[in-house]
Amino acid sequence: MLKKTGLSLAIAATISLTACGGGASSGSPSAADNNTDSNQTTTVSGRAADGYLAQARVFIDLNGNGALDSDEPRTDTDGSGFFTLETPSVDAALIVEAIQNLTVDLDTNQPVPNAFTLRAPIVADNAEQFVSPITTMVLNEMDDGQSLEQAKQTVADRLGTTLDPMDDFLAAKESTDQSVADNAERLHRIAQVTARIAAQVESQTTQSDLDALGLTKAELIELINQQIETLLPALLIDIDGSLADGTFDPDLVVENGDYEVTPPTTENPGPIDPPEEFPELDQRIANATADSPFLDWSTGSPQGNGEGSANYLKFESATNGQFIYDGIQQEVLFGSEDSATVSSREFFPRLDSTGITTEIGFISSDNSNVFLYQNGEFTGETVEDNLIGFREVGSVKGNFSGFEPSEKGTEVSSAYNSKITTEAVYETIDLSGISIRNTLMQFYPELAGTLANETDPAVFSEGSTAYLREEVFGNDIFMVDWRGGLGFSGCDSSYSYLELQSCNTVYGAGTDGNIDNPLPATTLDDLLYPTSTPSDQLYGTIGFENNGTDYYMALYGSTAEGSGEIRIWKAGVSGPNGEIPSPVATGTWELFERPFTHLKMNMPDGFYFRAFQKERGDLDYNSYPFLTEFRDFVRAGRFAQVGTNVTEFFRRDSSAPLLNNQARDEVLAKLNEWRLLTGHPGWEDTGQPIK
C-alpha cells in the first residue's frame, strides 16, 4: 500500500527544521529593503484562481509578514477573478486571500467553505499576473533562496509538468494543442486539491495560535506548503488516476486520501522553540575543500588512499519513535599510484545479541548479471549486486562530462571493464569537534524533530569527515540486468518458466493456448496487446513496485505502428462486482531502432520502472526504462545518457552528504545510545538478510 504522509505532522513541529527566522520572509523583502521611491508606483493586474476566485482580497505584502497591514495596497477581485492595484515595490509578494463564505470559487459557483491564502512573486515582464496554489509553491522555493527561474523549474519538475507554473492553467485548458490542454487540466486538479488541504489547516488556525507559536502568517503558509510537498507523490498518483474521469471531485480526493491535517496550536504539539541554527557546522560546510575520499593528494600527486571510505545513509521512521537506515559503504580495497580499487556494499541495521542495540549488517554477497551495450552488442558479466560493484578510481585526465577538470577533488572511475565510466567532484568537510546531534539534524532532516530535545554534548573525534559529492555518468549506458537467479550463462529457453521468473522476463499477450497460463514474451510483438483488448482479457502483465505500492501494466499497439499506450493498474484492486477497474495511470511507448531495437517506455509522472524518467529540453540528462529482445526473451533494461546523476539513477538522494567509516560509526553509536535505532525488517532472526 502506498504510504501517504499526513499533514498531522502538525505544521508547527516542522518549525525546528526550517530556518525561517522571525519577521519578514526571505522571499518578500521589507519596505525598507526595497530602495524604491515611495512616490512611484507600478500597476499590477492579474487573476486569482484555484478555480477563478471572485470577491477575494488582494494585497501587496510589503513587510513580508503575510498579513494585510494598514499601509499596504489592497483591492478585491471582481466577479471573474480579475484585480488591479498600484504597488510601490515589485519585489514584494502578491497575496490573495479567499475569505470563508464570501469568496466565490467559480469552479463551483459557491462560496468557499474554508479560508485559504495564495501567494505569487510579481513578475515585472508579465502583463497579467496569475496567483494560484502552484505559484504559491514557486514563491515558497524563492523563500528558500532560489531565483524565479530556478524555482519555476523546481516546481515544474516536482509536478511533472511542461507548462510554466506561473501561467494561467485555466486559460491553457482552452488550448487547441491537446497536450497543453491535458497538462493544464492536470495542474488545475493539483491546484484544487492542494488548496483544499491548505484550507483545512489555515481555517482552523487563529492569530492567537500564531502569536503563541511566534509565527507570522507568511511563515504559516510556507510551512503548510512544505508539508504539502511531502504529500505530492501520493497526491499525484491519485490525480493522475483521475484524469480519465470527466467528473473530477477534488473534495472526494481529499476525503478519500490519507490527507488529514492538524493545525498548529499551543496544545498540539506544544510551544515550539525558535528554529535552531548551527553556525559552526555551517562554517565548516562553507570552508569545505576539494578532496576525494579515495585518492590521497598529500604528496602533490594522487595515490590510492588505502583507508579511504564514504558511506551513504538514509533514515526512515520505524516504530515507537525509532528509525532504520539504508546504507551503502564505498571503501578502498587497495590503492596504487594514481588509482584505487573501490568496492560498494549495502548494509542495514540488525539487532545484536542484546536484542536492543543494533549493529551494521552487510548484505551477504549476491550476484547480479549485468549486460551492457557497447560496440554493437550486449556483453556482460556476473558482479556483486551493488551501486556499481567494484570500480577503478583515478584522477581526471579529461573533461568528458561537462565538469571543469580540477585535479584534487575531481576523479573518474570505471566499472565492468570500462563499459561504465563516471566522473565525480568531491568536497571534504572536517567534522572533528562538531556536535554529532547538530550534524544529524542538519544532514538528515528526517531525524531533526526527534533530536530537537536531545542535550548530549558529544562531538566528532579527530579524523571524522563528511563529503559533498556530484557524480555523473561519463558515457551513455544501456543496461539489462537481473539479480541472483540462474547465473550469468543461464536464463535462456532451456530453463523452465518458473526458473525464468528470476531472469528479468516480462509477460504480455503470449500464452500456450490457455489464457490462465501466460508465457514470457519472446518478441516485442508477442508482448503487445491490440489496442481494443478489454482489460478482463489480459493474459499476462508486467508487475512492478512504485513507492511501496504494487502495480501491473500492459502495453498496447504493435511494432508496425511504432508507438502505443501503456496502461497501469494498482494490484489487488477490483470494482464493486469484481471487475478490473479503469487504469490508475497511462503512458506511452515508442519503438527505437538505434542503437538496437527497443521500446522506450514513457512512464506517467510519478511512476518508476527500472529507471527514472528524466527528459529536459536543454538535454542536461536523459534516462528511461526500455524493453528489448535479448537471449530468447523480452527483458527490461534502463538507459542513462552521459551526464545523468549516478546517485539519482540508482534511486538514492544525491543531496545527502557521505560520511567516512569513522564518522559513520560515531553517528550510529550515538543513535544506538539514544535508543533511536531498531533492526531492519529485511533481516531474519538468524541475522541474515532476507533475499
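**View 1. Asn305 sits in the loop between strand S13 (303-304) and strand S14 (309-317).** This and every following view comes from a predicted model. Let's start with a single residue and its surroundings. Asn305 is partly exposed, with a relative accessible area of 24%. That places Asn305 above the 20% under which a residue counts as buried. Which residues does Asn305 touch, once neighbours within four places in sequence are set aside? They are Pro293, Phe294, Leu295, Asp296 and Val332. Val332 is 27 residues away from Asn305 in sequence, yet their C-alpha atoms are 6.8 Å apart in space.

**View 2. Leu333, Phe334 and Phe390 make up a nonpolar patch on the surface.** Together, these three residues offer about 310 Å² of accessible area. Leu333 belongs to strand S15 (residues 323-336). Is Leu333 buried or partly exposed? Leu333 is partly exposed, and its relative accessible area is 44%.

**View 3. An open sheet is built from four strands, in the order S4-S3-S6-S9.** The pairing in this sheet is antiparallel. Strand S4 (74-76) and strand S9 (116-121) are the edge strands; each has a single partner strand, so one side of each has no neighbour in the sheet. On average, neighbouring strands here are turned by 25 degrees against each other, direction ignored. Looking closer at one edge, strand S3 (residues 57-61) pairs with S4 over three bridges in the antiparallel sense. One residue pair to look for is Phe59 with Arg74, its bridge partner in S4. Helix H2 (residues 133-143) packs on the sheet and touches strand S6 (93-98) as well as S9. The direction of helix H2 makes about 60 degrees with that of S9.

**View 4. Strand S23 (residues 465-473) is largely enclosed by the rest of the structure, because seven of its nine residues are buried.** What pairs with S23 over nine bridges? That partner is strand S22 (residues 420-430), and the pairing is antiparallel. Within this pair, Thr428 stands opposite Tyr467 of S23. S23 also pairs with strand S35 (residues 658-659), here over two bridges and again in the antiparallel sense. To find this contact by residue, look for Ala466, whose bridge partner in S35 is Leu659.

**View 5. Strand S33 (residues 622-630) is mostly covered, with eight of its nine residues buried.** S33 is joined to strand S31 (residues 598-602) by two bridges, and the two run antiparallel. Leu599 faces Leu627 of S33 across this pairing. Strand S34 (residues 633-640) also runs antiparallel to S33, and eight bridges join them. Here Leu627 turns up again, this time opposite Ala636 in S34. S33 and S34 form a hairpin with two residues between them. In the turn, Arg631 has a positive phi of about 50 degrees.

**View 6. The protein as a whole contains 15 helices and 35 strands.** Stepping back puts the close-ups in context. Of the 691 residues in the protein, 53% are buried. Among contacts with a separation of 6 or more, 64% come from residues 24 or more positions apart. The protein exposes about 29,900 Å², and carbon and sulfur atoms supply 46% of that area.

Methods: Residues are numbered from 1 along each chain as its sequence is written. This is a predicted model: local features need pLDDT of at least 70, side-chain atom pairs count only at pLDDT 80 or more; totals for chains, interfaces and linings use all residues. Side-chain values use heavy atoms; hydrogens and water are left out. Two strands pair if DSSP finds at least two bridges between them. Axes are lines fitted to C-alpha atoms, for helices over the stretch in contact, and angles run from 0 to 180 degrees between N-to-C directions. Contact means heavy atoms within 4.5 Å. Buried means under 20% relative accessible area, exposed over 50%, partly exposed in between (1.4 Å probe, protein chains only). Patches are made of residues with over 30% relative accessible area and no salt bridge: like charges are joined within 9 Å, nonpolar side chains (Val, Leu, Ile, Met, Phe, Trp, Tyr) within 5 Å. Accessible areas come from the Shrake-Rupley method with a 1.4 Å probe; for residues, only the protein chains shown count as cover. A salt bridge is a side-chain nitrogen of Lys or Arg within 4 Å of a carboxyl oxygen of Asp or Glu.
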